[in-house]
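Let's take a walk through this one together. Have the sequence and the 3D view open, and we'll go from single side chains out to the way the chains meet.

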There are 2 protein chains.
Amino acid sequence: VSVKYVQQDQIYDLVVRMRTGNRRAVSRLITMVENENTLRIDIARYIYPYTGNSYIIGITGPPGSGKSTLTDKLAKLLRKQGKRVGIVAVDPSSPFSGGAILGDRIRMNDLALDDEVFIRSMGTRGHLGGLSESVELTVKIFDACNCDYILVETVGVGQSEVDIMKMADTTLVVLVPGYGDDIQMIKAGILEIGDILVVNKADRDGADQLASMLNMMQQYGESRENSRVRPVLLTSAYENKGIEELLNAILAHREQRQVSDYYHLNRMNHLRAEIMVMLQSELSKRLFERYHFDQELDGIISEMYERRINPYDWVESCVNIV
Amino acid sequence: VSVKYVQQDQIYDLVVRMRTGNRRAVSRLITMVENENTLRIDIARYIYPYTGNSYIIGITGPPGSGKSTLTDKLAKLLRKQGKRVGIVAVDPSSPFSGGAILGDRIRMNDLALDDEVFIRSMGTRGHLGGLSESVELTVKIFDACNCDYILVETVGVGQSEVDIMKMADTTLVVLVPGYGDDIQMIKAGILEIGDILVVNKADRDGADQLASMLNMMQQYGESRENSRVRPVLLTSAYENKGIEELLNAILAHREQRQVSDYYHLNRMNHLRAEIMVMLQSELSKRLFERYHFDQELDGIISEMYERRINPYDWVESCVNIV
């Protein structure tokens with residue numbers, strides 16, 4: 001019996017225990033996702049049949065906009081309505097990652113004690129490049145834990161956030177007034193990825209102006225590629241104000257999407273993209289194993305670097321032997 | 001004679017004209033890179049033998065930090081030293097892309113009139129997902145135009161910037177004092193990708209404090225994964241102050257890298273990553289052509305979506321038929 005099969009048994013066992021509500025099993029599976037690249041596919045394979053039922057809410061925006069507090073308050077409101085909630089908090093500034101399912105975020109203490117809440121924080125250390133994969137698979141694990149809603153919170157506005165937000169059914173973009181560079185953020189395209197725009201810290205000066213500007217910009221169609229008009233909501237997460245209205249807007253967006261079939265189309269497109277990436281990586285792995293490219297590759301790369309082999313010709317010849 | 005071969009002839013012809021210094025040919029090649037995904041590989045293939053000689057300087061930082069002015073001033077200084085310079089300006093907030101080799105940036109007018117300077121601005125519209133590929137290939141085209149230095153300037157601090165900066169030999173991270181969220185930017189990991197940290201707009205209050213903080217953070221090793229200590233320089237690009245010192249720091253970094261072989265290793269690693277991506281995408285293209293997956297894929301995705309096919313099993317079976 002090879003190591004691979006022992007590991008597969010172990011994963012299968014963890015998935016079974018996870019499905020009976022064992023939180024330690026959930027935590028171990030996520031840690032495996034983060035640390036063991038080779039186990040990811042088997043984990044994804046075993047949980048696949050149990051996924052697809054959670055509604056995924058993405059929450060993004062510049063650092064300091066109060067996303068974490070907003071996430072907490074939304075989670076608490078969902079809990080009041082008896083929903084099971086998963087939270088994946090992606091914070092590139094944090095060295096903490098893993099083992100956080102019991103809540104490494106102090107402010108989340110009360111949520112972390114709730115058996116119907118699953119929390120995982122993810123720092124970027126360690127899985128550079130693979131972070132969005134880790135996040136995605138963690139969301140699927142929470143999905144397989146029968147969470148009704150999964151909140152995915154990310155700091156920043158870069159490509160990795162855009163990638164992560166692709167898996168969300170509803171995406172919130174959180175901005176704050178008086179941040180100085182609201183307009184820069186808006187120019188940088190952050191609005192494009194949002195379904196709902198949230199002006200948080202609405203007790204601050206300039207909140208109404210920022211909200212008006214966001215509405216106006218949409219009227220004039222300056223920053224949009226399609227014709228959706230995104231609702232703009234004011235919240236003060238710290239004071240728990242505007243959270244119910246926000247949840248209502250999310251539910252309205254959900255209904256609107258499900259009626260228009262966009263919900264399923266979006267999820268299917270996402271699935272298709274995911275499968276293509278997986279297929280490509282597995283194919284090249286197979287090619288490398290079969291033709292022992294791994295052993296030769298260093299030499300080939302050197303010759304390419306010295307312009308003695310043209311890499312484009314080499315790739316063509318590789319593909320031709322398949 | 002198929003369309004494909006006509007296009008290959010045309011590309012070959014453009015590359016020949018580009019090599020004789022024809023600027024229109026350069027411009028047309030870049031426009032092809034941006035608009036015609038299918039021609040990219042042939043363009044890359046034909047120019048490959050002429051690439052590898054330019055030194056690539058990446059310039060990144062938050063919006064509003066004065067990167068563009070800094071890029072201009074660096075370019076002008078390099079021109080004074082008789083160097084041929086390429087500039088690729090990536091600005092996700094700009095709708096302008098293409099045709100900009102003659103300078104769509106007003107402030108660059110004097111540079112644009114210089115025959116020894118190649119400028120291209122790239123907005124994100126149109127090639128979402130493929131932007132970093134377009135940038136990379138444009139850099140290679142400028143490389144094949146015998147540019148001594150290529151300056152790649154990007155707005156933002158997200159994953160796409162990190163990807164783009166991977167091709168740089170020396171990366172500058174530009175910050176400004178009084179930006180409000182310096183610390184947030186620093187926390188977000190922007191320093192990690194820099195080889196040289198630049199405090200621009202150094203005439204502003206707080207410049208010295210920001211520089212001290214950047215130095216201190218490095219002493220305490222709080223934000224670093226390796227032990228390089230990054231030089232921190234003060235500039236005032238608008239007043240053309242500190243630019244010579246900055247260029248000297250870049251040249252010192254270049255020498256240090258070339259002595260330590262890191263320069264070649266970094267470039268070879270980058271080449272390897274590039275080849276792997278290309279190989280993967282060509283392999284799956286071939287598989288799709290041969291087994292006519294394209295026609296079946298919609299149905300397969302639907303069945304996966306309904307959890308009747310497990311995508312991980314399907315991928316395994318695809319790979320097994322190869």
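Is B:Glu282 buried or exposed? Before answering, keep in mind that this is a predicted model. B:Glu282 turns out to be buried, with a relative accessible area of 18%. The cut-off for "buried" is under 20%, so B:Glu282 makes it into that class. Its partner is B:Lys285: the two form a salt bridge, and their closest N and O atoms are 3.1 Å apart. B:Lys285 is partly exposed, at a relative accessible area of 44%. Both residues sit in helix α11 of chain B (residues 262-291), 3 residues apart, which puts about one helical turn between them. The background is simple: an α-helix has 3.6 residues a turn, so residues three or four places apart point the same way.

You can find a similar arrangement in chain A. There, A:Arg17 and A:Asp13 meet through their side chains in a salt bridge of 3.6 Å, N to O. They are 4 residues apart in helix α1 (residues 3-19) of chain A, again separated by about one helical turn. A:Arg17 counts as partly exposed, with 34% relative accessibility, and A:Asp13 is partly exposed too, with a relative accessible area of 40%.

Now for a pair that bridges two helices. B:Arg40 forms a salt bridge with B:Glu133, and the closest N and O atoms are 2.9 Å apart. B:Arg40 belongs to helix α3 of chain B and B:Glu133 to helix α6 (residues 131-144) of chain B, so this pair ties together parts that are 93 residues apart in sequence. B:Arg40 is buried, with just 7% relative accessible area, while B:Glu133 is partly exposed at 46%.

Helix α3 of chain B deserves a look of its own. Of its 8 residues (40-47), 6 are buried, so the helix is largely enclosed by the rest of the structure. The buried ones are B:Arg40, B:Asp42, B:Ile43, B:Ala44, B:Arg45 and B:Ile47.

Let's zoom out to a whole chain. Chain A has 13 helices and 7 strands. Of its 322 residues, 53% are buried. If you take the contacts in chain A between residues at least 6 apart in sequence, 75% of them join residues at least 24 apart.

A:Asp169 is a good place to see contacts of this chain up close. You'll find A:Asp169 in the loop between α7 and β5 (170-175) of chain A, and at 0% relative accessibility it counts as buried. Leaving out residues up to four places away in sequence, A:Asp169 touches A:Ser54, A:Tyr55, A:Ile56, A:Asp195, A:His253, A:Arg257, A:Tyr263 and A:Arg267. With one of these, A:Arg267, it shares a side-chain polar contact of 2.6 Å.

Next, bring both chains into view. How many residues does each chain bring to the contact? Chain A gives 61 residues and chain B gives 61 residues. Between them the chains bury about 6,100 Å², and 64% of that is on carbon and sulfur atoms. There are also 20 residue pairs in polar contact between chain A and chain B, counting pairs with both residues at pLDDT 80 or more.

On the chain A side, α3 (40-47), α7 (159-165), α8 (182-187), α11 (262-291), α12 (293-305) and α13 (311-321) each supply at least two residues. The biggest giver is α11(A), with 20 residues. Sorted by class, this side of chain A has 30 nonpolar, 15 polar and 16 charged residues.

Side chains of opposite charge can pair when their charged atoms come close. Between chain A and chain B there are 6 salt bridges, out of a count of 30 over all chains. One of those across the contact joins B:Glu316 and A:Arg45, at 3.0 Å from N to O. A:Arg45 and B:Glu316 are part of a network of salt bridges that also links A:Asp42 and B:Asp313.

Finally, how do the two copies relate? A rotation of 180 degrees, with 0.0 Å of shift along its axis, superposes chain A on chain B with an RMSD of 0.1 Å. That is the relation of a two-fold axis. The same surface serves both copies, and 100% of the contact residues of chain A recur in chain B.

Technical notes. Residues numbered from 1 in each chain as written. Chains lettered and ligands numbered in written order. Predicted model: local features only at pLDDT ≥ 70, side-chain atom pairs only at ≥ 80, totals over all residues. Heavy atoms only, no water. Contact = heavy atoms within 4.5 Å. Buried area = accessible area lost by both parts, 1.4 Å probe. Salt bridge = Lys/Arg side-chain N within 4 Å of Asp/Glu carboxyl O. Polar contact = N/O pair within 3.5 Å; in protein donor to acceptor, adjacent residues only side chain to side chain. Nonpolar A, V, L, I, M, F, W, Y, C, P; charged D, E, K, R; others polar. Least-squares fit on C-alpha atoms with pLDDT ≥ 70 in both. Buried < 20%, exposed > 50% of the residue type's maximum accessible area, 1.4 Å probe, protein only.
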